[in-house]
Amino acid sequence: MKNAIIFPAVFLFFCSVSFGQTVNTGELYVSPFTEFSTLSDFENKDSGSFFNDGITFFYSNFDNEGQVDYYQEEGQSQFLGFAPQMISGHGDTYFSNILFDNNSSGTPFLLEAAINAEAEVDFRDGIIDNRHYGGSFTFGETAGYKGVSNNSHVDGPVMKTGNTSFEYPIGNKGYYRKAGVTGIETGSPTYKATYFLENADAQYPLLSKPDIIEGINNAEYWKIEPAEVDTELVVTLSWNENTTPGFLLENPEAFHIVRWDEQQQLWVDEGGVVDEWNNSVSAAVSSFGIFTLATVETRDVLPCQLAVYNAITPNNDGQNDYFMIDQLNNGGCAENISVKIFNRWNVKVFETENYGKAGNVFDGYSDGRGTLGSDQLPTGTYFYILEFEYSTAEGAKKTYQQQGYLYLNGN
């Protein structure tokens, strides 16, 4: 026998049902270990407060003009439909755990409301469309998700609050095409990402580029918008044989991330490190906005010959005990070498300037400025950004950046 819904004495509950519709005008509370179902439309009026700490099933349309929230994170709201479901309303809508499961149409969830998600979102089945309905979908600081696929994601913008790394569960026209951001260090900024399965050329001319950029993706792009811009960011984009043009897929090892620069009105190369195992490219970007993938010219002679040894075994045997950068007897061509290192979740674990001087090296410990602490890091693959200054033959100072992966064996 299922538990009954319990309303504490301090709560008032005014709920009416007409033609199968559930309307709340007072204070409705679903306590832990209880279940509440609405087979037809659910309306929470502007005078209504609905708090869910149990399990609530919404089988039809949902409209909130008042307050929807929770006290305990164990509660779950499940949207289970047999026809398209409108999720609407101008009220404050906060869910803890959410389940979306409806395969009645191509985009069964029509999002007009502003959903704020905490804990976990389960994208079991059904695309949430806020691109065409004007709603918003925000993940809180500790929120995550599972089950995302071509059949279940958010078609439209997704926002994430907080300074943790995040991969956005976004897509368009039936394709899930994630994008990730990381390296956010200060405050609680909110980043918004949207994927577009369309040619960017009409708004951002693809021929407006330097010669080093050979071919730009003419079928898809991503837009990443921050609430504040004075912060470091690493962007990860993915490629997919169903959406990424074939002329690019012929040479994925040459992929870089490119960004449309509004001031210069051209595409600029942000660099990139290719992960062919996960079909992704990561780059430390200099600004925000419109991003896509491109292939770049790789025959240019790079300044200051450097040898980067990307294997570290910090066991004090005198071999590969630290991340070694060798200038190959070039007379100190590279000046003011700085190094930043990120873990697999793209959290910065090491940062320093004047790398290699006075024992200032990365030896498997997160002892750089602005990092996680002074603990030995676990075995795994890490992402590095190396930057230095050099002088041209004419005496001008320039900056060069190199990105790549390194492997740390801490055993």
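## Salt bridges, sheets and a buried serine

Student: Which side chain does Glu-225 meet in a salt bridge of 3.8 Å, N to O?

Tutor: This is a predicted model, where local features need pLDDT of at least 70, side-chain atom pairs count only at pLDDT 80 or more, and totals for chains, interfaces and linings use all residues. Residues are numbered from 1 along each chain as its sequence is written, and side-chain values use heavy atoms, leaving out hydrogens and water. A salt bridge puts a side-chain nitrogen of Lys or Arg within 4 Å of a carboxyl oxygen of Asp or Glu. At 3.8 Å, the partner of Glu-225 is Lys-223.

Student: Which residue is linked with Lys-223 and Glu-225 in a network of salt bridges?

Tutor: Start with accessibility: Lys-223 is partly exposed at 29%, and Glu-225 is partly exposed at 26% (buried means under 20% relative accessible area, exposed over 50%, partly exposed in between; 1.4 Å probe, protein chains only). The network takes in this pair along with Lys-192.

Student: How many residues apart in sequence are the parts that Arg-259 and Glu-270 tie together?

Tutor: Their side chains form a salt bridge of 2.6 Å, N to O. Arg-259 is in strand β30 and Glu-270 in the loop between β31 and β32, so the sequence separation they span is 11 residues.

Student: Is Arg-259 buried or exposed?

Tutor: Its partner Glu-270 has a relative accessible area of 8%, which makes it buried. Arg-259 has a value of 6%, so it counts as buried.

Student: And in the Lys-45 and Glu-43 pair, which residue is buried?

Tutor: These two side chains meet in a salt bridge at 2.8 Å, N to O. Lys-45 is partly exposed, with 33% relative accessibility. At 19%, the buried residue is Glu-43.

Student: How many salt bridges turn up in a search of the whole structure?

Tutor: Side chains of opposite charge can pair when their charged atoms come close. Searching the whole structure gives a total of 11.

Student: Moving to the sheets, which strands are at the edges of the open sheet of 6 strands?

Tutor: The order is β4-β7-β10-β13-β16-β19, with parallel pairing (strands are DSSP E runs of at least two residues, and two of them pair if DSSP finds at least two bridges). A strand with a single partner has one side left without a neighbour in the sheet, and that applies to β4 and β19.

Student: How many residues of β13 are buried?

Tutor: β13 pairs with β10 over 5 bridges, in the parallel sense, and 4 bridges join it to β16, also running parallel. Phe-100 stands opposite Phe-123, and Ile-98 has Val-121 as its bridge partner. The strand is mostly covered, with a buried count of 4 of 5.

Student: What is the bridge partner of Lys-340 in β40?

Tutor: The sheet here is an open one of 5 strands, β36-β41-β40-β38-β39, with mixed pairing. Its edge strands, β36 and β39, each pair on one side only. Strands β38 and β40 run antiparallel and are joined by 6 bridges, and across from Lys-340 you'll find Ile-385.

Student: What is the relative accessible area of Ser-280?

Tutor: Ser-280 is found in strand β33. Beyond its neighbours within four places in sequence, its contacts (heavy atoms within 4.5 Å) include Leu-237, Trp-239 and Val-273. Ser-280 is buried, at 8%.
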